[in-house]
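These are my notes on a predicted model. I went through the fold, one helix packing, the aromatic rings and a few loop residues.

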Amino acid sequence: MSLSQRLARLFALITATFAASAIAGKEPAIATGKMLGDTCASCHGTRGKSFDEYMPSLAGIDRQQLVRAMRDYRADRRASVVMNRIAKGYDDREIEAIADYFSRIR
Ligand code: HEC
């Protein structure tokens, strides 16, 4: 990813985070997790409910399982066509917010 792409992504994230905390107020961790988690929908389905049998659902996933998977993808300990690149875009706090979001969906 080029520097300008990284900056554009960072800027979008900062904007989204400010927007989320301005709207939600009370529970910024959930709002941020939802914001970040919504970027997974094109593959994992709306609210993490997969529409393809070969694509894992994230809805209701065990919190630690998601955290571990994302860290393993990020560190290239677990191989994936796309998840390694995607996971590198998130720090530990963001991964935990995403895990909170998806693990609470029933
Ligand atoms: C371009 C498509 C794509 C996007 C976008 C995407 N994923 Fe994935 N993800 C996959 C595929 C494909 C797999 C399963 C196969 C693999 O490991 O390559 C997967 C697997 C996973 C797994 C492992 C699930 C399990 O049961 O072990 C997790 C966790 C995960 N993704 C989280 C996320 C999160 C969180 C996001 C958004 C930040 C995201 N993914 C965005 C394609 C995607």
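In what order do the elements of the protein chain run from the N terminus on? I read them off as α-α-α-α-α-α. The count I noted is six helices and zero strands.

**Entry: the whole chain.** I looked up burial next, and 29% of the 106 residues of the protein chain count as buried. The exposed surface comes to about 7100 Å², and carbon and sulfur atoms supply 59% of that area. For the contacts with a separation of 6 or more, I found that 50% come from residues 24 or more positions apart.

**Entry: helix 4 against helix 6.** I then took up helix 4, residues 63-74, and helix 6, residues 92-103. Their axes come within 8 Å and cross at roughly 145°. I entered the crossing as right-handed. On the helix 4 side, the residues that meet helix 6 are Arg 63, Leu 66, Val 67, Met 70, Arg 71 and Arg 74. Helix 6 contributes Asp 92, Ile 95, Glu 96, Ile 98, Ala 99, Asp 100, Phe 102 and Ser 103. I sorted the residues of this contact by type and got seven nonpolar, one polar and six charged.

**Entry: aromatic rings.** How many aromatic pairs does a search of the whole structure find? I got one. Its members are Tyr 101 and Phe 102, with ring centres 4.9 Å apart. I class the pair as tilted because the planes stand at 55°, and the tilted class runs from 30 to 60 degrees. Both Tyr 101 and Phe 102 are buried. Phe 102 also appears in my list for the contact with helix 4.

**Entry: backbone angles.** I checked phi with one expectation in mind: most residues other than glycine have a negative value. Arg 47 has a positive phi of about 55° and is not a glycine. I placed Arg 47 in the loop between helix 3 (41-44) and helix 4. Asp 76, also not a glycine, has a positive phi of about 60°. Asp 76 lies in the loop between helix 4 and helix 5.

**Entry: accessibility in the loops.** Is Arg 47 buried, partly exposed or exposed? Its relative accessible area is 41%, so I put Arg 47 down as partly exposed, the band between 20% and 50%. Ala 75, in the loop between helix 4 and helix 5 (83-87), also counts as partly exposed, at 41% relative accessibility. I last looked up Ala 75 and Ala 87, which are 12 residues apart in sequence and 8.7 Å apart from C-alpha to C-alpha.

Methods. Residues are numbered from 1 along each chain as its sequence is written. This is a predicted model: local features need pLDDT of at least 70, side-chain atom pairs count only at pLDDT 80 or more; totals for chains, interfaces and linings use all residues. Side-chain values use heavy atoms; hydrogens and water are left out. Helices (H or I, at least four residues) and strands (E, at least two) are DSSP runs, numbered from the N terminus. Buried means under 20% relative accessible area, exposed over 50%, partly exposed in between (1.4 Å probe, protein chains only). Contact means heavy atoms within 4.5 Å. Accessible areas come from the Shrake-Rupley method with a 1.4 Å probe; for residues, only the protein chains shown count as cover. Axes are lines fitted to C-alpha atoms, for helices over the stretch in contact, and angles run from 0 to 180 degrees between N-to-C directions. A crossing is left-handed if the near helix is turned anticlockwise from the far one by less than a right angle, and right-handed if clockwise. Ala, Val, Leu, Ile, Met, Phe, Trp, Tyr, Cys and Pro count as nonpolar, Asp, Glu, Lys and Arg as charged, and the others, Gly among them, as polar. Rings of Phe, Tyr and Trp (its six-membered ring) pair if their centres lie within 6.5 Å; planes under 30 degrees apart count as stacked, over 60 as edge-to-face and the rest as tilted.
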